[in-house]
Amino acid sequence: MKTKIIVALSMLAFLFSNCASLELPKFAASTEDGITYEYEGIVPLTNFVRIRPITPSDQLTGEVTIPSTVSYEGTTYVVSQIAAQAFANYDGITKIVLPPTVSTIEAEAFRGCTMLSQINTPQPLSTIGDYAFEGCSSLAAFSFVASISTLGQCCFANCSSLGDISLPTSLNTIPYRAFYGCSNVSTIFIDATVNSIGAEAFAGCRSVIQITCKAGMPPTASANTFDLIDAEIPVTVPMGGLNYYATAIGWNHFVNFQGVY
């Protein structure tokens, strides 16, 4: 019995002695261009970090290049996430250059960046959080690379300069108000893998003149998914699904279906 107690106490001592190694790192560092960022660990015992600027918004203007790695106390960390609200309301930024290591843009990361007109999309990017780009009214284009599998609600809402939308095969769901109020969009392409489109996802996209959906059966939608889009625009769908689209909730907003494929 005494031996078991000694062994148990030894194991506890070992665990406590290693607690420090499980703590997530959190530190600040400046880049060569004079921008100071806070870096925070994501998963214990890995070198992946999320990033957010400490430099005040009135001192960040024009083009901002986010670093891919940072060295701290002898360890090199990889920037894989843009932290929630990281650049929210940094309205002097016009261009963001993301490193090829970024896989996640967290909620509200660029919300309210009204002058942001350009941002690249690295291939590892898989997740765009809720409201990530909401209100980026100067953002003219966004490349939805094949690695993107998750969009958050309202992620591009009120991006009133956004052009054509072409969604990748890696996407299954278009969430609530994803592109609400994107009044400059002219064409929407939805791939065959999408099976669900949330309420008001494209509501207020008043300039749309063509929608293409490759799904054989209409993705589930709400009655207001396409509110304020002209009902008479051509909607191109697979030939075998014509009748299903014409009667499906949300899709029955339209009256000009064209069968192809």
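Two strands count as paired if DSSP finds at least two bridges between them. With that in hand, the open sheet of this predicted model is a good place to start. Five strands make up the sheet, running in the order β12-β14-β16-β17-β18, and the pairing is parallel. The two edges belong to β12 (165–166) and β18 (257–260); each has a single partner strand, so one side of each is left without a neighbour in the sheet.

Moving along the sheet, strand β16 (residues 210–213) pairs with β17 in the parallel sense over two bridges. One pairing to look for here is T212, whose bridge partner in β17 is T236. Strand β17 (residues 235–238) then pairs with β18, again in the parallel sense, over four bridges. Here V235 has F257 of β18 as its bridge partner, and P238 stands opposite V260 in β18. To get from β17 to β18, the chain passes through helix α3 (residues 242–247), and this β-α-β crossover is right-handed.

Next come the cysteines. The count of disulfides is zero. For C159, the nearest cysteine sulfur is that of C136, 5.2 Å away, and since a disulfide needs the two sulfur atoms within 2.5 Å, C159 is in no disulfide. C205 is in no disulfide either, with the sulfur of C182 being the nearest at 5.1 Å. C159 is buried, at a relative accessible area of 0%, and C205 is buried with a value of 0% too.

Charged side chains tell another part of the story, with eight salt bridges counted. In one of them, E40 and R50 meet with N and O 3.9 Å apart. E40 sits in strand β2 (residues 36–41) and R50 in strand β3 (residues 48–53), so this pair ties together parts that are ten residues apart in sequence. E40 is partly exposed at 22% relative accessibility, whereas R50 is buried at 17%.

A salt bridge also links E63 and K95, with the closest N and O atoms 3.9 Å apart. Because E63 belongs to strand β4 (residues 62–65) and K95 to strand β7 (residues 93–97), the parts tied together are 32 residues apart in sequence. E63 is partly exposed, with a relative accessible area of 48%, and K95 is partly exposed with 28%.

R111 and E108 form a salt bridge as well, their closest N and O atoms being 3.3 Å apart. R111 is partly exposed at 26%, and E108 is partly exposed at 22%. Finally, salt bridges that share partners join E38, E40, R50, R52 and E106 into one network.

Definitions and conventions:
Residues are numbered from 1 along each chain as its sequence is written. This is a predicted model: local features need pLDDT of at least 70, side-chain atom pairs count only at pLDDT 80 or more; totals for chains, interfaces and linings use all residues. Side-chain values use heavy atoms; hydrogens and water are left out. Buried means under 20% relative accessible area, exposed over 50%, partly exposed in between (1.4 Å probe, protein chains only). A crossover is right-handed if, with the strands pointing away from the viewer, the path from the first strand over the helix to the second runs clockwise. A salt bridge is a side-chain nitrogen of Lys or Arg within 4 Å of a carboxyl oxygen of Asp or Glu.
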